[in-house]
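Please open the structure in the viewer and keep the sequence at hand. The tour begins with the whole chain and then moves inward.

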Amino acid sequence: MKMHHPPHPGEVLKSLCLEPLGLTVTEAARALGVSRRGLSAIVNGRTGISPDMAIRLSLAFDTSAESWLAQQIQYDLWQAEKKRASLRVRRLSAA
């Protein structure tokens, strides 16, 4: 089922994981073993969650890597669907 305007996973990370624990991006990045800049880009919606990051988040927050990737896919697909009308694609069919 498609979600209407799903949030970027970075928003979810910030509001459901970092803020409730009182973690800064710097503290979380250190715990995750990633750069502060990289985690900040995710939290601020400038980049997506990779499979590697999904595993790191699942280990740190006792969640599943699949749930993080599913959120990313829903967000990416919703963004792409907004451009559907402008795509120039010719329908193909068997002769």
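The stops below proceed from the overall form to the core.

This is a predicted model, in which local features need pLDDT of at least 70, side-chain atom pairs count only at pLDDT 80 or more, and totals for chains, interfaces and linings use all residues. Residues are numbered from 1 along each chain as its sequence is written, and side-chain values use heavy atoms, with hydrogens and water left out.

Begin with the entire protein chain in cartoon form. Five helices and zero strands are present; helices (H or I, at least four residues) and strands (E, at least two) are DSSP runs, numbered from the N terminus. Rotate the C-alpha trace, which spans about 60 × 25 × 20 Å along its principal axes. The radius of gyration, taken over C-alpha atoms, is 16 Å, whereas a compact globule of 95 residues would have one near 12 Å.

Next, consider burial. Of the 95 residues, 31% count as buried, meaning under 20% relative accessible area with a 1.4 Å probe, protein chains only.

Now select L13, L18, L39, I49, M53, L57 and W68. Of the 18 residues in the largest nonpolar core, these touch the most other members. Such a core is a set of buried Ala, Val, Leu, Ile, Met, Phe, Trp, Tyr and Cys residues joined through side-chain atoms within 4.5 Å. At least two residues of this core come from each of α1 (9-21), α2 (25-32), α3 (36-43), α4 (51-61) and α5 (65-81).

Finally, centre the view on L13. Which residues does L13 touch, not counting residues up to four places away in sequence? They are L18, L39, I42, V43, L57, F61 and W68, a contact being heavy atoms within 4.5 Å.

How values were computed. Rg over C-alpha atoms; globule rule 2.2 N^0.38 Å. Buried < 20%, exposed > 50% of the residue type's maximum accessible area, 1.4 Å probe, protein only.
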